[in-house]
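Dear colleague,

I am passing on the structure we spoke of, with the sequence alongside it. Please have the model open while you read the notes that follow.

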Amino acid sequence: MIILQNYRVISCTDGFLRIQSKEHSSCSSCGGKLRVRDSRHRRVINAAGEVTFYRLRRFKCQSCARIHTELPDCIVPYKHYAADVIESELIH
Ligand SMILES: [Zn+2]
């Protein structure tokens, strides 16, 4: 996981928020070079209780092949956990 502190949030036309990093990230495990692999969608509930959808980039390390998701520091890990719980309750 890559936690970004210097980034811009951009609204996409399809309603997702995209993170534009201003940092040069490297692999947190080995320091290797990262290449964009794909992206995944993440549902986040903010402090005001509003649901937002993020499209987060996933990187693959060119040296150790680990996958890292780019996460802005405004997403609090506890909050996505809560969002995932709510989502799974809606499905069942
Ligand atoms: Zn690596």
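**The zinc site and the salt bridges**

C30 is partly exposed, since its relative accessibility is 43%, and I begin with this residue as a way into the metal site. Please keep in mind throughout that the model is a predicted one.

The zinc ion takes its protein donors from the SG atoms of C27, C30, C61 and C64, which lie 2.2 to 2.4 Å from the ion. Along the sequence these donor residues follow the spacing C-x2-C-x30-C-x2-C. Distant parts of the chain are thereby linked, with C30 in the loop between β3 and β4 and C61 in strand β5, 31 residues apart. In contrast to the partly exposed C30, C61 is buried, with a relative accessible area of 3%, which falls under the 20% cut-off for that class. As for the geometry, the angles subtended by the four donor atoms around the zinc ion run from 103 to 117°, and the arrangement is therefore tetrahedral, because every one of these angles lies between the limits of 85 and 135 degrees. For reference, the ideal angle for four tetrahedral donors is 109.5 degrees.

Turning to the charged side chains, a search of the whole structure gives four salt bridges, and I describe some of them here.

One of them joins the side chains of R55 and D14, with an N to O distance of 2.7 Å. This pair, too, links distant parts of the chain, as R55 sits in strand β5 (residues 51-61) while D14 belongs to the loop between β2 (7-11) and β3 (17-21), 41 residues apart. D14 counts as partly exposed, at 46% relative accessibility.

Two further salt bridges involve D38: the side chain of D38 meets that of R37 at 3.1 Å, N to O, and D38 also pairs with R58, where the closest N and O atoms are 2.9 Å apart. The pairing of D38 with R58 connects strand β4 (residues 34-45), which holds D38, to strand β5, which holds R58, across 20 residues of sequence. Taken together, R37, D38 and R58 form a network of salt bridges. Each member of this network is partly exposed, the relative accessible area being 46% for R37 and 28% for D38, while R58 has a relative accessibility of 22%.

With best wishes

Notes: Residues are numbered from 1 along each chain as its sequence is written. This is a predicted model: local features need pLDDT of at least 70, side-chain atom pairs count only at pLDDT 80 or more; totals for chains, interfaces and linings use all residues. Side-chain values use heavy atoms; hydrogens and water are left out. Helices (H or I, at least four residues) and strands (E, at least two) are DSSP runs, numbered from the N terminus. Buried means under 20% relative accessible area, exposed over 50%, partly exposed in between (1.4 Å probe, protein chains only). Donors are N, O and S atoms within 2.8 Å of the metal (3.2 Å for Na, K and Ca); water is not among the atoms, so sites may look incomplete. Four donors count as tetrahedral if all angles lie between 85 and 135 degrees; four count as square planar and six as octahedral if opposite donors are over 155 degrees apart and all others between 65 and 115; anything else is irregular.
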